[in-house]
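The following exercises ask the reader to reason from a sequence and its model to the packing of the fold. Please inspect both before attempting the tasks.

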Amino acid sequence: MTYKYRPVGVCSREITIEVEGDIIQSVMFFGGCSGNTQGVGALISGMKIDEAIKRLKGIDCAGKGTSCPDQLSKALEEIKEKTA
């Protein structure tokens, strides 16, 4: 299933996440630092949702209190709630 998430407090404008069961199939960020967001997406493809949340949650960007990876963890938490 494909989910769209609107991040808050970061440069990216949207995150599209495709999951199958509890496995992340793909992640695309729209906006933000292209190389970094592509790298994050590539690294967590094939990973279980819980593991990705554990690794990404709380990462800060320049003192903003959040980051694109942190916002991705929030999106994944929402997906977990919807599919529970």
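Four exercises on this predicted model follow, each with a worked solution.

**Exercise 1. The sheet**

Determine the order of the strands in the sheet and identify which strands stand at its edges.

Solution. Step one: three strands form an open sheet, ordered β1-β2-β3, and their pairing is antiparallel. Step two: β1 and β3 each have a single partner strand, so they stand at the edges and one side of each lacks a neighbour in the sheet. Step three: neighbouring strands are turned by 20 degrees against each other on average, direction ignored. Step four: the antiparallel strands β1 and β2 are joined by four bridges, and Thr-2 stands opposite Glu-18 in β2. Step five: α3 packs on the sheet and touches β1, β2 and β3, its direction making about 45 degrees with that of β2.

**Exercise 2. The nonpolar core**

Establish which elements contribute to the largest nonpolar core and which one gives the most.

Solution. Step one: this core comprises 21 residues. Ile-17, Ile-24, Val-27, Ile-44, Leu-72 and Leu-76 have the most contacts inside it. Step two: two or more residues come from each of β1 (2–5), β2 (12–20), β3 (23–31), α1 (34–44), α2 (49–56) and α3 (68–83). Step three: α3 gives the most, with five residues. Step four: Val-27 may serve as an example; leaving aside neighbours within four places in sequence, Val-27 contacts Ile-15, Thr-16, Ile-17, Gly-41, Ile-44, Ser-45 and Leu-72.

**Exercise 3. A threonine in a strand**

Decide whether Thr-16 is buried or exposed, and describe the surroundings of Thr-16.

Solution. Step one: Thr-16 lies in strand β2. Step two: the relative accessible area of Thr-16 is 14%; the limit for a buried residue is under 20%, and therefore Thr-16 counts as buried. Step three: not counting residues up to four places away in sequence, Thr-16 touches Thr-2, Tyr-3, Lys-4, Ser-26, Val-27, Met-28 and Phe-30. Step four: the side chains of Thr-16 and Glu-14 make a polar contact (3.4 Å).

**Exercise 4. The faces of a helix**

Explain why the buried residues of α2 line one face of the helix, and state what the opposite face carries.

Solution. Step one: the buried residues of α2 are Ile-49, Ala-52, Ile-53 and Leu-56. Step two: viewed down the axis of α2, these residues fall within an arc of 100 degrees, so they line one face. Step three: the buried residues of α2 pack against β2, β3, α1 and α3. Step four: the face turned away from the buried side carries the exposed residues Lys-54 and Arg-55. Step five: just after α2, Gly-58 adopts a positive phi of about 90 degrees.

Notes
Residues numbered from 1 in each chain as written. Predicted model: local features only at pLDDT ≥ 70, side-chain atom pairs only at ≥ 80, totals over all residues. Heavy atoms only, no water. Core = buried A, V, L, I, M, F, W, Y, C linked by side-chain atoms within 4.5 Å. Buried < 20%, exposed > 50% of the residue type's maximum accessible area, 1.4 Å probe, protein only. Contact = heavy atoms within 4.5 Å. Polar contact = N/O pair within 3.5 Å; in protein donor to acceptor, adjacent residues only side chain to side chain. Arc of directions from axis to C-beta. Pairing = 2+ DSSP bridges. Axes fitted to C-alpha atoms, helices over the stretch in contact; angles between N-to-C directions.
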